Amino acid sequence: MIFDNIMLATSELMSVSTMLLMILGVISGLVAGAIPGFTIAMAVVLVLPFTFGMTAVQGLATMIGVYVGGLSGGLMSGILTGIPGTPSSVATTFDGFPLARKGRPGLALGLGVWASFFGGVISAIVLVLVAPQLARIGQEFQPWDYFALMAFALTVTASLAGDNMVKGLIAGLIGLLVATVGEDAVVGVPRFTFGSDAVQQGFAFLPVLIGLFAFTRLLSDVQDTSKAQGNLGAHSAESVKIEHLKAAKAVLSRWGNLIRSSLIGVFTGVLPAAGSSISNILAYDQAKKYSKEPEKFGTGTVDGIVAPESANNATAGGALIMMMALGIPGDIVTAVMLGALLIHDVVPSPTFIVEQPTIAYAIFIAFFVANFMMLALQSVTLRGFVAVTRVRMYMLASVILFYCALGVFALNNIQFDMWTLFWFGVGGFIMRSLGFPIVPVILGVVLGNIAENALAQVIAISTDPTMFLMRPWSLFFIVLGLFSSFFHVYQKNRAVKRWTLGFIPAMCVCLSLPVYMMDGVVRPILGVCLGLFGLYLFVQRARAGWTLPDPEPVREVGDL
Amino acid sequence: MNRLNRDTLIAVILLLLVGFFMYSSFSIKTPVFEKLAPGQMDPGFWPRIILTGLAIMGLIYLFQSIVTPPPPAEKRGGLIGWYRHYKNPIWCFVVFAIFLTIIPILGMLIAGLLFVFALMTMLGPKDKAAFKRHSWTTMGTVGGMWFIFACLLEVQLPKGQYTGLFDEWLLVNVCGIVSTIGEIFADAAPSCSALLASV
């Protein structure tokens, strides 16, 4: 069965046209990722209108190409100019740029490219192994569990999106409210249309997403006139030859760091909204902690390049796991992919892998293939990167704004969609200027209808709200959501206030209850183990008199 | 305006909006002929849950903004300073809104050319060389994208009220030539592959 699916997906994916589209996607991603200030999500959003006329497999393969290319493209400008092309390559500059300045730019680039490649391959393996298992668990979900999962995803997004969690939650709720505009799914009654026929069907998801994300981002980029009129690459980038063999050997010899960083990347990708911009710094920090020579970090050490680059590419696999297994986008890129799937009438849900095996396995294979393409095309795009850095931001922004309007119109051939883009662009810019994060709004819009349908099913079955606490998965997500909403406060006060010592043990004990309530043998045993581990931590900390550890010196990102 | 005032003001506006939407949510009524089945969710129920959440968060935000001491406010020099700070985004919005308004009159291509050129001129340097650069870039990029969408992807782009004939002429000639070339290649392909096979 699995073999048949793989063969079907391969035959659809391995056509000349799809391969050419993927190559184009990887090249565009590599070049776009190399442009400072031009994010990967923006590149994927811009490719989206071209995929409307393609099959679902072709469209997704192209977008995966852009995604993987973009994750690796950021290292070029980061290493050669010291300015990260994307936020996912911030930590790469800490050691990549010093190594390039020592006269080894070819080796630095090679390390980045090979670490990206291996990180991508490791996460592809995890994706293939974990996504179907997670989807199998997802099939156990009843509407209560699914609704609690949505609530958890929004809470995590809000807590990770910014300093002020209240603003994050407000943003998420605004997203949910936007999704209610138009006819409701159950009875078809218009809601909040205020007599307008144009919004009768609700706001199309993609104009909202492009308006909130791309429009807002571009306007922020041109806000400062001097920056807008400057070249994209502040320094001149030199053309270099990548030292592939030496770099590959060096990366493989640090397999421990490689695997650890890749797994950090995958795990970060699984969390909604915690994308590669977080994973690369986390992996760098861990690599430094585990290193025998931490003092060498920041001077051009190999481990300092391997960790962030393998982690940021591995994040893609994690984000795809969530999208494919549970229908929840791990980041904006997967939210766009989810939108692309919806255009082709494919609704991602826990049954996605079972119901759409060709598309699902094509995504697995495309992710693998894209990593190989990235490896082969990196040297080629290095020249393109040097040319692209001469473009000025204001020119790029003007052209892209026009392109956004054109692409949004092409979606449904409705001019109202361009006004939707405009109004959500205005709204997004105002929200961003006032310090409200944008990602929770987008996730709210994506999850709004799914959450409402789940709630409608819940009410149709039973109006008893205690069912949310009686079902193990629902309780699991509620407990996790509660703890994750306080995680930001915990992180801020860790090693400063005593109560933080009890946070993790309390979380383990509380989570052990729903895990213990689950069916089967393994999960209840896991629940008992988790509870015992939490109690052990409590006892250990109580014996130590709840004393706080010595505070670590406060580190800025640049000091990492 | 310092941050305390700004955040308080936003919280108050948010709460007013929530109140307005909450009031509107009670006018969401299921038609009489379409009675809700037992256990069926009322269409206004879900929006009211969201609005209740927003009201709670809005109140917390309001409370936070009152009790938390405001950070030192950035001095932007009043209304003129504020305008200077947001000048470029404001002009982008204005030019984009004008662009959307004139699309039905001038069509996507001409409106697009005017939009991109106007925005580049507004945001970029205003010397002669820049004008020249903006003109060429505008024609190349907008023309290129129009070509891709109209001719290759066959999207029916909006035609102008006053430029409809010109748009039609462009479509027939430019896209027509492309499709003719495509047909020539399609015709030639089998004979080429036969030739290659014989070689």
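In which helix of chain A is A:Arg543 found? I began with this residue and looked it up in the model, which is a predicted one: A:Arg543 is found in helix H25 of chain A, the run of residues 522-543. I then checked its surroundings and noted that A:Arg543 is exposed, because 8 other C-beta atoms lie within 10 Å, where a residue counts as exposed at 12 or fewer. I also took the separation between A:Arg543 and A:Asp345, which are 198 residues apart along the chain, and found their C-alpha atoms separated by 58 Å.

**Entry on A:Val369**

I turned next to A:Val369, which I found in helix H17 of chain A, residues 357-388. Is A:Val369 buried or exposed? I counted 23 C-beta neighbours inside 10 Å, so A:Val369 is buried, the cut-off for that class being 20 or more. For a partner distant in sequence I looked up A:Met14, which is 355 residues from A:Val369 along the chain, and I read a separation of 9.9 Å between the two C-alpha atoms.

**Entry on the nonpolar core**

I asked which residues have the most contacts inside the largest nonpolar core, and I wrote down A:Val44, A:Leu60, A:Ala366 and A:Ile442, in a core that has 226 residues. I followed A:Val44 further and, setting aside its neighbours within four places in sequence, listed its contacts as A:Met63, A:Val66, A:Tyr67, A:Val333 and A:Val336.

**Entry on the two chains together**

I looked up the predictor's scores for the complex and noted an ipTM of 0.86 alongside a pTM of 0.80. On the contact between the chains, I recorded that 42 residues of chain A touch 45 residues of chain B. I saw that helices H8 (165-180), H10 (225-229), H18 (393-412), H19 (416-433) and H20 (439-461) of chain A each supply at least two residues of the side that touches chain B, and that H18(A) gives the most to that side, with nine residues. Sorting this side of chain A by class, I obtained 31 nonpolar, eight polar and three charged residues.

**Entry on H18(A)**

I stayed with H18(A) and compared its span with expectation: at 1.5 Å a residue its 20 residues should span 28 Å, and its end C-alpha atoms are 30 Å apart, which agrees. I then checked burial and found that 18 of the 20 residues of H18(A) are buried, so this helix is largely enclosed by the rest of the structure. Just after H18(A), I noted that A:Asn413 takes a positive phi of about 55°.

**Entry on chain B**

I closed with chain B, where I found five helices and zero strands, and where domain 1 covers 3-67 and domain 2 covers 78-186. I looked up how far apart these two domains of chain B are, and the centres, taken over C-alpha atoms, are separated by 40 Å. Buried residues make up 25% of the 199 residues in chain B, and I noted that, among its contacts between residues at least 6 apart in sequence, 64% join residues at least 24 apart.

For confidence, I read an average pLDDT of 84 for chain B, with 83% of the residues scoring at least 70. Among the elements of chain B, I marked helix H2 (residues 45-67) as having the highest mean pLDDT, 93, and helix H5 (residues 164-198) as having the lowest, 73.

Conventions
Residues are numbered from 1 along each chain as its sequence is written. Chains are lettered from A and ligands numbered from 1 in the order in which they are written. This is a predicted model: local features need pLDDT of at least 70, side-chain atom pairs count only at pLDDT 80 or more; totals for chains, interfaces and linings use all residues. Domain bounds come from an automatic or database domain assignment. pLDDT is the predictor's confidence in each residue, from 0 to 100. Helices (H or I, at least four residues) and strands (E, at least two) are DSSP runs, numbered from the N terminus. Two residues are in contact if their C-beta atoms, placed from the backbone, lie within 7 Å. A nonpolar core is a set of buried Ala, Val, Leu, Ile, Met, Phe, Trp, Tyr and Cys residues joined through C-beta atoms within 7 Å. Ala, Val, Leu, Ile, Met, Phe, Trp, Tyr, Cys and Pro count as nonpolar, Asp, Glu, Lys and Arg as charged, and the others, Gly among them, as polar. The expected span of a helix is 1.5 Å times one less than its number of residues.
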